[in-house]
Amino acid sequence: MMEIKKYELPKLSYDYGDLAPHISEEQLKLHHTKHHQAYVNGANEILDKLDKARKENSDIDIKATLKALSFNIGGHILHSLFWKNLSPSGKGGGGAPSGKISDAIKDEFGSFDRFRKEFTQAAMTAEGSGWAALAFCKKTGRPIIMQIEKHNTNVYPTSKILLVIDVWEHAYYLDYKNERAKFIDAFWNIVDWKEANKRLEEAMK
Ligand SMILES: [Fe+2]
């Protein structure tokens, strides 16, 4: 039997002020300690509720419960991936990709610029709250862009996520107000391509 654990807020590998001016200290701290933490708490609370109902053998609204569970787990997993996709500008963050991820992007999209344009459009046009992600489909060997609504809608099951950007307003409102395009522009200065490359290599194994 595997040990049962709670979901936990991961520590960041950089300080809250390290991504400035692209993401300010205040914005990053709020996003990590309040918004991400809320999804961690939400997922744990729902699992506790399920445990309780099973123990008491009482009825529970399975449809609503699983919908909320998927939303909170999705939020937790995506944020955890997002933090690792970022590094301070010039210290691992920004620039163009190299290695296998660079080859995969060129093969699929024709050029890095074309990929950047499509990914930016996916992030720009996510309605309301959502994400753009670059995933890898092992069945076809193709990288593929996902436009995720909320935290869990339009996900390609089992495709490994290589790169993700959070375009919920809570990700950028303090720094950029309603100007999502400015936040996406800034994101390219702090993308950690090494992490995306590492995930691609794992996915290709
Ligand atoms: Fe977020």
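Which residues is Ala132 in contact with, leaving aside its neighbours within four places in sequence? The legends below take up this and other views of a predicted model.

**Figure 1. Contacts of Ala132.** Neighbours within four places in sequence are left aside here. Ala132 is then in contact with Phe119, Ala122, Ala123 and Ala126. Its other partners are Ile145, Gln147, Ile165 and Val167. Ala132 also ranks among the residues with the most contacts inside the largest nonpolar core.

**Figure 2. The largest nonpolar core.** This core has 39 residues. Trp131, Ala132, Ala133 and Leu162 have the most contacts inside it. At least two core residues come from each of helix H2 (62-84), helix H3 (99-109), helix H4 (112-124), strand E1 (130-137), strand E3 (160-166), helix H6 (180-187) and helix H7 (193-204). E1 gives the most, with six residues. Domain 1 (25-84) and domain 2 (99-204) both give residues to the core, so it lies between them.

**Figure 3. The chain as a whole.** The secondary structure comes to seven helices and three strands. Along the sequence the pattern reads α-α-α-α-β-β-β-α-α-α. The C-alpha trace spans about 55 × 40 × 30 Å along its principal axes. A compact globule of 205 residues would have a radius of gyration near 17 Å, and the 18 Å of the chain agrees with that. Of the 205 residues, 31% count as buried. Among contacts with a separation of 6 or more, 67% join residues 24 or more positions apart.

**Figure 4. Where domain 1 touches domain 2.** The chain is divided into domain 1 (25-84) and domain 2 (99-204). Their centres, taken over C-alpha atoms, are separated by 23 Å. Across the boundary, 14 residues of domain 1 are in contact with 12 residues of domain 2. On the domain 1 side, helix H1 (25-56) and H2 each supply at least two residues. H2 has the largest share of that side, nine residues. The residues of the domain 1 side divide into five nonpolar, seven polar and two charged.

**Figure 5. The buried face of H6.** Phe183, Ile184 and Phe187 are buried in H6. Seen down the helix axis, the buried residues of H6 fall within an arc of 100°, so they line one face of the helix. An α-helix has 3.6 residues a turn, so residues three or four places apart point the same way. What covers the buried residues of H6? The cover includes H4, E3 and helix H5 (173-176).

**Figure 6. A cis peptide bond before H1.** The bond from Ala20 to Pro21 is cis. Its omega is near 5°. Pro21 has its place in the segment before H1.

**Figure 7. Two positive phi values in the loop between E2 and E3.** Lys150 lies in the loop between strand E2 (142-149) and E3. Its phi is positive, about 55°, although Lys150 is not a glycine. Thr158 lies in the loop between E2 and E3. Phi of Thr158 is near 70°, again a positive value in a residue other than glycine. Is Thr158 buried or exposed? With 9 C-beta neighbours inside 10 Å, Thr158 counts as exposed. Lys150 has 18 other C-beta atoms within 10 Å and is partly exposed.

Methods. Residues numbered from 1 in each chain as written. Predicted model: local features only at pLDDT ≥ 70, side-chain atom pairs only at ≥ 80, totals over all residues. Core = buried A, V, L, I, M, F, W, Y, C linked by C-beta atoms within 7 Å. Buried ≥ 20, exposed ≤ 12 C-beta atoms within 10 Å, placed from the backbone. Helix = DSSP H or I, 4+ residues; strand = E, 2+ residues; numbered from the N terminus. Domains from an automatic or database assignment. Contact = placed C-beta atoms within 7 Å. Rg over C-alpha atoms; globule rule 2.2 N^0.38 Å. Nonpolar A, V, L, I, M, F, W, Y, C, P; charged D, E, K, R; others polar. Arc of directions from axis to C-beta.
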